[in-house]
Amino acid sequence: MSGPLSGIKIVDLTSMVMGPYATQIFGDMGADVIKVESPQGDIMRHMGVGRSEAMGPIHLAVNRNKKSLMLNLRLPAAHEALLRVIEKADVFVHSMRPAAIERLHLDYSRIKEINPNIVYCGAYGFGKDGPYAEEPAYDDMIQGLSGLCAVNAGLAGEPRFTPSIVADKVAGLTIAYSVLGALFHKLRTGEGQSIEVPMFESFTSFMLVEHMGERTFDPTKGAAGYSRVLSQLRKPHRTQDGYLCVLPYTDKNWQDFFRLVDRNDLATDDRYATANSRSQNYESLYKTLGEILAQRTSEEWLSRLKPLSIPVARVNTLEDLFADPHLSAVGLFSQMSHPSEGAVTQMRPPVSFEKTPSEITRLAPCLGEHSREVLAEAGLSDSEIAALVEAGATC
């Protein structure tokens, strides 16, 4: 592999989506990622309709560019084998609760004994020092706790989940940049360290970027929340034959739009003259915008707004994405041949590196597909590996 993380070995004891999404990014960038799984495998292997058992679509989506090492960590021999793999690693990432990882004797203090310079990342639901530390954390729980469900109530009339596992993926990205930061420190100093990435705190920080609002100031004069995105009228607008996302944003955008639709009364209205005045009048502004857009077809608006550089876009369905002309032109989707699953569609890594390109070199592995290979690389002899297989510690 020629990616920017070529030569970095990462031991991945994560499951679900949060951790695997992060470690797949490392794999795409050339790292040697070893996915450690129980005899049952990561639960995401069994989610969704696949062509064969334990090879579901979400597993295929977040576990490419990895090797699968199956170990039954309830057996001492398997635990010892994992330590020998970690001994030669640059990074160890897990997503178990603090007490659970300690019961497995894989907490930082113990791993540091065998690999003093390792970058150790614990991806938790909640920070270890808080009262929620040992509670289970799934995307639904974090969406609720972080305020996301509550702000959706303004649109749906009741608290609602966002139809994407957005908290999992944001936390996964947080793991990715955190580990990369620690690796950069290690490159400069030779020094490893422990990292704690808590899902609740990570996603709450993400939510409050715009929604901290007037709670930014102390003493506060108002409530949290960014009024523009909380408006019920901030939505795709109906045209005569469909829906469009239309967002005049700058002063010039709005003035150009008002002139285009022959609304000089709006162009000279002080409520809409500046970003600050518009921010206090979003409800009336978006109501008027919706009324105007309903008067023409989507194609008419696209042809009129784009030449003025007024932001406008169609509302794609999920199925539309696979025929989107831009995504087709940049080659986001490609069909590849999986050794056991046949033809599968994959998305290439979205980031382009000029000197060290990311690439897909292997598709998501079958359970334990690389167990013997990984153990041999860690220095176990053929007889030691055979004994582990015989004992049911690996396959």
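Helices α8 and α9 are roughly perpendicular to each other. Their axes are 9 Å apart and cross at an angle of about 100 degrees, a value that falls in the 65 to 115 range counted as roughly perpendicular. This description refers to a predicted model. Helix α9 covers residues 199-211, and helix α8 covers residues 166-189. On the α8 side, the contact is made by V166, A167, D168, V170, A171 and T174. On the α9 side, M199, S202, F203 and F206 take part. By type, the residues of this contact comprise 7 nonpolar, 2 polar and 1 charged. An α-helix has 3.6 residues a turn, so residues three or four places apart point the same way.

Helix α8 also meets the sheet. It lies across β4, β5 and β6. Relative to β6, α8 runs at about 165 degrees. That value is over 145, so the two count as roughly antiparallel.

The sheet itself is open and has 6 strands. Their order is β3-β2-β1-β4-β5-β6, and the pairing is parallel. Strands β3 and β6 form the edges, each pairing on one side only. Strand β6 spans residues 193-198. On average, and with direction ignored, neighbouring strands are turned by 20 degrees against each other.

Two of the strand pairings can be followed in detail. Strands β4 and β5 pair in the parallel sense over 4 bridges. Strand β5 comprises residues 119-124. Here F92 stands opposite Y120 of β5. Strands β2 and β3 also run parallel, joined by 5 bridges. In that pairing, V36 has L69 of β3 as its bridge partner.

Edge strand β3 is largely enclosed by the rest of the structure, because 5 of its 5 residues are buried. K66, S68 and M70 point one way from the strand. K67 and L69 point the other way. Both sets are buried.

Helix α1, residues 18-28, lies across β1, β2, β3 and β5. It runs at about 155 degrees to β2. This too is over 145, so α1 and β2 count as roughly antiparallel. Of the 11 residues of α1, 9 are buried, so the helix is largely enclosed by the rest of the structure. The buried residues are M18, G19, P20, A22, T23, Q24, F26, G27 and D28. After the helix comes G30, which has a positive phi, near 100 degrees.

Salt bridges form a further set of links. The model holds 22 of them. One joins the side chains of D32 and K67, with N and O 3.4 Å apart. D32 belongs to strand β2 (residues 32-37) and K67 to strand β3 (residues 66-70), so this pair ties together parts that are 35 residues apart in sequence. The two partners differ in exposure. D32 is partly exposed, at 21% relative accessible area. K67 is buried, at 7%.

K67 has another salt-bridge partner, E377, at 3.3 Å from N to O. E377 lies in helix α17 (residues 371-377) and K67 in β3, so the pair ties together parts 310 residues apart in sequence. E377 is partly exposed, with a relative accessible area of 38%. Both pairs fall within a network of salt bridges that links K9, D32, K67, E373 and E377.

A further salt bridge involves helix α8. K186 and D90 form it, their closest N and O atoms being 3.6 Å apart. K186 sits in α8, whereas D90 sits in the loop between α3 (76-86) and β4 (91-94). This pair links distant parts of the chain, 96 residues apart. K186 counts as buried, at 17% relative accessibility. D90 counts as buried as well, at 19%. Both values are under the 20% cut-off for burial.

Taken by element, several of these features meet. Helix α8 packs against α9, lies across β4, β5 and β6, and carries K186 of the salt bridge to D90. Strand β3 is an edge of the sheet, is joined to β2 by 5 bridges, and holds K67, a member of the salt-bridge network.

How values were computed: Residues are numbered from 1 along each chain as its sequence is written. This is a predicted model: local features need pLDDT of at least 70, side-chain atom pairs count only at pLDDT 80 or more; totals for chains, interfaces and linings use all residues. Side-chain values use heavy atoms; hydrogens and water are left out. A salt bridge is a side-chain nitrogen of Lys or Arg within 4 Å of a carboxyl oxygen of Asp or Glu. Buried means under 20% relative accessible area, exposed over 50%, partly exposed in between (1.4 Å probe, protein chains only). Axes are lines fitted to C-alpha atoms, for helices over the stretch in contact, and angles run from 0 to 180 degrees between N-to-C directions. Angles under 35 degrees count as roughly parallel, over 145 as roughly antiparallel, 65 to 115 as roughly perpendicular and the rest as oblique. Contact means heavy atoms within 4.5 Å. Ala, Val, Leu, Ile, Met, Phe, Trp, Tyr, Cys and Pro count as nonpolar, Asp, Glu, Lys and Arg as charged, and the others, Gly among them, as polar. Two strands pair if DSSP finds at least two bridges between them.
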